[in-house]
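Please look through the sequence and the structure shown here, and then read the report on selected side-chain contacts that goes with them.

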Amino acid sequence: MTNIIPKGLPWPSYAWPLSEVPFITLEQLCIRAVQMETKWDAGRLGGDSSKFFRCIQRPWNSITWMTMLRSRWLLVQLNAGRLELWDIESPFTSYPVSYFDGLEGMVDGYKLLKSLEESLNVVVSLGLVETVAGCSGLLDIDKDLALFSRSPSTGGAIAQCQTSAAMAILQSESEEPKLEYAVGAKVAGNVVVVVRRTAIELYYVDEIQRALKSAGQTPSRSNQVLPIQSIPFLGDEHAVRATFLSRPLHCTNLHYHGAGAIYLGIDRDKESTRTIRVLYPDISVREAGHRFMLSPPIEVLEISTSVDRDFTVLCMWGETGRRMVHVGDVGDLCVTGLSIPVGFETQQSVVPVEEREVFSWRIPDSRRDLARYFAFDEATGVCAVALGSGRIWIVDPFSVTGIRDEDVPLKKIEFRDPPDPNPSWRFIQRKPWAGEPGHRSAGLRDALLPLMATKIYRWFPGRNNPEAYGGVKWFVNEVLHIPGPATVLLVGTPLPYGYPLDSFEIVDVGGRFLGVYRFDDFAVYYIKLFNADITFDAV
């Protein structure tokens with residue numbers, strides 16, 4: 001331990017305090033920490049990678065959620081109902097060690113909590129919002145205060161008392177109500193930190209608790225809590241995902257690392273970069289109350305947005321952000337491990353993601369498969385990928401004997417039809433925009449396409465189907481995180497000689513109009529929410 005802790009190597013958060021960790025577990029974690037430093041971080045994982053992998057076969061198209069617990073346990077949901085617990089360190093088996101059949105709805109958020117008896121409890125929220133008192137998308141929970149990201153009518157941050165089920169909306173001062181989706185939130189002492197698309201906002205826990213005492217059991221704009229501080233991102237930067245990190249000790253030049261610091265890993269759309277930021281108390285302004293400062297972004301990786309490059313379909317930060325894993329689609333699905341060196345922030349330029357790769361492995365028979373869920377433990381290097389076919393591939397780069405059992409061959413899968421990208425949507429359109437021939441009416445020729453069209457069903461049947469994955473409601477609800485109905489009113493179809501370079505749509509979202517402009521060749525879209533007084537005729 002004396003050689004591990006002072007080095008600042010990633011250490012699992014569940015293994016503190018050290019005095020309460022069993023000796024055998026402590027010894028195993030120490031060995032792993034050294035192996036991860038000398039092999040993973042040094043890029044020396046060579047050898048026959050096939051022995052590192054194991055596959056658990058579940059039914060076709062059945063996996064609807066997955067997470068990893070304490071480096072060893074996989075918790076898997078099947079068919080939006082059954083929960084299964086798998087021990088990935090045990091000998092190969094076709095059966096989970098335990099299961100539970102009492103859920104009704106897809107898990108879309110979770111939190112691990114310790115009870116007074118030191119047992120581990122898993123709290124989950126379900127995508128069918130009616131089953132969790134009107135909220136889903138659990139972001140954090142602390143004692144009786146829970147934070148959610150969505151309800152049937154609200155897409156911002158929602159606070160709920162777990163005793164009374166009362167709810168209050170954490171109102172944004174930086175975003176339009178329809179665009180105030182929270183990409184991350186955390187209860188941090190006496191404040192709640194909410195990461196929005198364009199700003200970080202802070203709220204007093206005491207003010208939230210007071211609002212909950214007079215609130216009802218449905219979120220309402222009449223019961224709102226205002227932020228005590230809003231810190232905007234600079235320029236046109238937008239956060240698309242936020243991960244709350246343990247202290248990133250591989251950053252040697254942090255702006256602040258004292259008491260009260262909150263570390264954030266932010267995936268942003270500006271030049272597609274991944275950054276670390278520090279939110280810390282401003283001790284120079286005592287008379288103004290609890291105020292915070294936000295450090296400039298420390299750029300970790302640059303990720304290419306070119307269609308000709310490796311498309312990342314799933315990714316996950318480690319607890320400290322020093323190690324990461326990606327799943328890319330390069331014909332077959334490919335698992336890639338990344339390592340960020342100590343002192344990376346002192347380099348003069350941002351390093352492309354390819355230069356941080358320490359291993360890469362193509363998943364067998366995955367050309368027509370879909371990567372759905374990902375789990376990763378930074379301290380041990382163990383990760384798992386759940387696929388649409390029902391296979392769960394597990395990688396343990398330091399398995400001594402090899403965890404793949406050759407005596408239990410994999411069941412052959414017939415890909416007559418591709419697995420559903422999202423089982424909660426009954427029908428499928430392959431892409432969420434109207435720039436692909438497969439979406440048009442049978443027999444429709446390019447020469448017949450109008451430059452603009454309002455008869456959506458005639459030209460692109462299914463586009464306004466509210467149950468279609470890839471339809472406009474899916475795109476608005478799941479990609480833009482705007483709740484409620486959505487209808488395409490007008491489509492701009494590319495001319496034959498420009499097809500399918502770009503396209504645009506005008507979408508009605510609850511009486512407001514969205515302009516959606518897409519560059520199909522670059523998988524990029526721009527969104528404009530028109531002012532409330534703009535009519536369709538004016539558009």
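The report below treats a nonpolar patch, aromatic contacts, cysteines, salt bridges and one pair of aspartates in turn.

**A nonpolar patch on the surface**

The model is a predicted one, and every value in this text should be read with that in mind. On its surface, Tyr 110, Leu 112, Leu 120 and Val 122 make a nonpolar patch of about 270 Å². Two strands, β6 (residues 107-114) and β7 (residues 120-126), are the elements that give two or more residues to this patch. Leu 112 has its place in strand β6, and its relative accessible area of 31% makes Leu 112 partly exposed. Tyr 110, another member of the patch, is likewise described as partly exposed, with a relative accessible area of 32%. A residue is called buried under 20% relative accessible area and exposed over 50%, so values in between, such as these, are called partly exposed.

**Aromatic rings**

How many aromatic pairs does the structure hold? The count comes to six aromatic pairs. In one of them, the rings of Trp 65 and Tyr 110 have centres 5.5 Å apart and planes at 65°, so this pair is edge-to-face. The pair links distant parts of the chain, since Trp 65 lies in strand β2 (residues 63-69) and Tyr 110 in strand β6, 45 residues apart. Is Trp 65 buried or exposed? With a relative accessibility of 7%, Trp 65 counts as buried, whereas Tyr 110, as noted for the patch, is partly exposed at 32%.

Another pair is formed by Phe 513 and Phe 536, whose ring centres lie 6.2 Å apart with planes at 45°, so that the pair is tilted. This pair, too, links distant parts of the chain: Phe 513 belongs to strand β34 (residues 512-519), while Phe 536 is in the segment after β35 (residues 524-529), and the two are 23 residues apart. Phe 513 counts as buried at 10% relative accessibility, and Phe 536 counts as partly exposed at 30%.

Aromatic residues also come together in a group, as Trp 40, Phe 359 and Phe 376 form one aromatic cluster. A ring can also meet a charge: the charged end of Arg 82 sits over the ring of Tyr 99, at 3.9 Å from the ring centre.

**Cysteines**

The structure holds zero disulfides. Cys 161 is buried, with a relative accessible area of 10%, and Cys 383 also counts as buried, with a relative accessibility of 1%.

**Salt bridges**

The structure holds 16 salt bridges, and the table gives three of them.

| Salt bridge | N to O distance |
|---|---|
| Asp 87 and Arg 72 | 2.8 Å |
| Asp 267 and Arg 241 | 3.0 Å |
| Asp 267 and Arg 274 | 2.9 Å |

What parts of the chain does the salt bridge between Asp 87 and Arg 72 tie together? Asp 87 lies in strand β4 (residues 82-87) and Arg 72 in the loop between β2 and β3 (residues 73-78), so the pair ties together parts that are 15 residues apart in sequence. Within this pair, Asp 87 is buried, with a relative accessible area of 9%, while Arg 72 counts as partly exposed at 31% relative accessibility.

Asp 267 appears in the table with two partners, Arg 241 and Arg 274. Because Asp 267 lies in strand β18 (residues 262-268) and Arg 241 in strand β17 (residues 239-245), their salt bridge ties together parts that are 26 residues apart in sequence. Asp 267 counts as buried at 9% relative accessibility, Arg 241 counts as partly exposed at 28%, and Arg 274 is buried with a relative accessible area of 3%.

Salt bridges that share partners also join Arg 58, Arg 82, Glu 84 and Asp 101 into one network. Arg 82, a member of this network, is the residue whose charged end sits over the ring of Tyr 99.

**A pair of aspartates**

Asp 420 is found in the loop between β28 (residues 391-395) and β29 (residues 427-428), and Asp 420 counts as partly exposed at 24% relative accessibility. Although Asp 420 and Asp 369 are 51 residues apart in sequence, their C-alpha atoms are 9.7 Å apart in space.

Note on methods: Residues numbered from 1 in each chain as written. Predicted model: local features only at pLDDT ≥ 70, side-chain atom pairs only at ≥ 80, totals over all residues. Heavy atoms only, no water. Patch = residues over 30% accessible without salt bridge, like charges linked within 9 Å, V, L, I, M, F, W, Y side chains within 5 Å. Areas by Shrake-Rupley, 256 points an atom, 1.4 Å probe, with all protein chains shown as cover. Salt bridge = Lys/Arg side-chain N within 4 Å of Asp/Glu carboxyl O. Helix = DSSP H or I, 4+ residues; strand = E, 2+ residues; numbered from the N terminus. Buried < 20%, exposed > 50% of the residue type's maximum accessible area, 1.4 Å probe, protein only. Phe/Tyr/Trp six-rings, centres within 6.5 Å; stacked < 30°, edge-to-face > 60°. Lys NZ or Arg CZ within 6 Å of the ring centre and 35° of its normal. Disulfide = S-S within 2.5 Å.
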